[in-house]
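Visitor: Could you take one part of this structure and go through it closely, and then place it in the setting of the whole chain?

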Amino acid sequence: SGNGPCSMCPSNFTSTAGSQQVSDCHCDYSRQSCSNCRAGYYQNGTQCVPCPPHSASQPGSWLMSQCWCIEGYQSLSKTGCSACPTGTYKP
């Protein structure tokens, strides 16, 4: 935020104009070295690892923060998403 310069996406990734966070960066498929992790996984070093329990991701994700909680769950963390409490829901 503020008047500082824009930050570069990680190597071999790109984003659309006006992107606001690193998770907006996505694989530049014209390059060879992008994450090839399938949906539900993200790149951790040289390995594809599953997103935490009860979460999902787009193919090519390279950060755990690109995983999101599935329906009925909230609060992504390294240990997984937690179920919505009684009397609440998340579509």
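Guide: In this predicted model, asparagine 44 stands opposite glutamine 47 in β4. Asparagine 44 belongs to strand β3, which covers residues 41–44, while glutamine 47 belongs to strand β4, which covers residues 47–50, and the two strands pair in the antiparallel sense over 4 bridges. Together β3 and β4 form a hairpin with 2 residues between them, and in that turn glycine 45 has a positive phi of about 70°. As a general point, the side chains of a regular strand alternate between the two faces of the sheet.

The hairpin sits in a protein chain that has 8 strands and 0 helices, so that, read from the N terminus on, the elements run β-β-β-β-β-β-β-β. The C-alpha trace of this chain spans about 45 × 35 × 20 Å along its principal axes, and of its 91 residues 26% are buried, that is, under 20% relative accessible area. Among the contacts between residues at least 6 apart in sequence, 19% join residues at least 24 apart. The chain exposes about 6500 Å², with carbon and sulfur atoms supplying 50% of that area.

A further feature of the chain is its second largest pocket, which holds about 150 Å³ of space and is lined by 12 residues. Of these lining residues, His26, Gln58, Pro59, Ser61 and Gln66 lie nearest the centre of the pocket, and the lining as a whole divides into 6 nonpolar and 6 polar residues, with no charged ones.

Methods:
Residues are numbered from 1 along each chain as its sequence is written. This is a predicted model: local features need pLDDT of at least 70, side-chain atom pairs count only at pLDDT 80 or more; totals for chains, interfaces and linings use all residues. Side-chain values use heavy atoms; hydrogens and water are left out. On a 1 Å grid over the protein atoms alone, a cavity is a set of points where a 1.4 Å probe fits but cannot get out, and a pocket is an open set with protein on both sides within 12 Å along at least five of seven lines; lining residues have an atom within 4 Å of a point. Grid points are joined across faces, edges and corners, and a volume is the space filled by probe spheres set on the points. Ala, Val, Leu, Ile, Met, Phe, Trp, Tyr, Cys and Pro count as nonpolar, Asp, Glu, Lys and Arg as charged, and the others, Gly among them, as polar. Two strands pair if DSSP finds at least two bridges between them. Buried means under 20% relative accessible area, exposed over 50%, partly exposed in between (1.4 Å probe, protein chains only). Contact means heavy atoms within 4.5 Å. Accessible areas come from the Shrake-Rupley method with a 1.4 Å probe; for residues, only the protein chains shown count as cover.
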